[in-house]
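Work through the exercises below with the sequence and the model open. Each task is followed by a solution in steps.

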Amino acid sequence: VDFIEDLKIAGGPLVDVLTGTSLHGALAEVWVMERPSARATLQALVERWRCDGLPTYAQFDNATIFQGAHQSADTVGRISRLCLALSVVPVFAPPREPGFQNAIEGFNALWQSKVWQRHHFHDVEALASVSARYIAAYRAKTAARRELAPKRRSIPKGFKFDLRAPLKGTMIYVRRGDDNGSVHLLGRTFHVDQHWPHRLVRCEVDFTHQRIRFFALRRRDPARQPLLRELKYPRPSKPFK
């Protein structure tokens, strides 16, 4: 899930475009937003997941809309809380690392070439209309691929999202260690392993068992992820604002 930011409609407003694509099934969706926000993004994801089913995980970059405010420690944002409430693992890609966002960046480039760069739009409604037609055609073209994808869970009947519910489940950050083998997440610095400086680390925040586990991550051997360190991490209890 990603944003294409600051597209200027001639004589009109700047808009952001929320995009999403699936790893296996070629599901895709686009939402045109004049005022992007975590609240609007949450509504878009719930709407799409009700139709398509829930993914095993959802990957985001580190924008505050997805991750929550950066100025305070132990902040878990609205989108992360939605994922956790639905047993979807939120995964945050490492900042400024090429490759991890290839799937969504490739789709973003495709959408821009087929929709944004090919048509002239007088207003937001025209952009949304052309984009919707393109997404419908894209989904029709990839229907056979979607049938081969793993079956998705449905959102539970009667699901009501409670922002103040205690956090449970797992959230993952992929980070690169600094000179001392420390990583930065949740507004904190965690020392992991001085013998693993400048290397990728998968940080598994387990709210259910109140711990963080740090695993070595190698691009050449992604299946082998030895545990580097495990720390206690009390579940954040401050009320959501």
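Axes are lines fitted to C-alpha atoms, for helices over the stretch in contact, and angles run from 0 to 180 degrees between N-to-C directions. Helices (H or I, at least four residues) and strands (E, at least two) are DSSP runs, numbered from the N terminus. The model is predicted: local features need pLDDT of at least 70, side-chain atom pairs count only at pLDDT 80 or more, and totals for chains, interfaces and linings use all residues. Residues are numbered from 1 along each chain as its sequence is written, and side-chain values use heavy atoms, with hydrogens and water left out.

**Exercise 1.** Describe how helices H4 and H5 pack.

Step 1. The axes of H4 (residues 102-116) and H5 (residues 124-141) are 10 Å apart, at an angle of about 120°.

Step 2. Angles under 35 degrees count as roughly parallel, over 145 as roughly antiparallel, 65 to 115 as roughly perpendicular and the rest as oblique. The two helices H4 and H5 are therefore oblique.

Step 3. Contact means heavy atoms within 4.5 Å. On the H4 side the contact residues include Phe107 and Trp111, and on the H5 side they include Leu127 and Tyr134.

**Exercise 2.** Find the edges of the six-stranded open sheet.

Step 1. The strand order is E4-E5-E6-E9-E10-E11, with mixed pairing; two strands pair if DSSP finds at least two bridges between them.

Step 2. E4 (57-60) and E11 (227-232) each have a single partner strand, so one side of each lacks a neighbour in the sheet.

Step 3. E11 pairs with E10 (residues 211-217) in the antiparallel sense over five bridges. Arg211 has Lys232 in E11 as its bridge partner.
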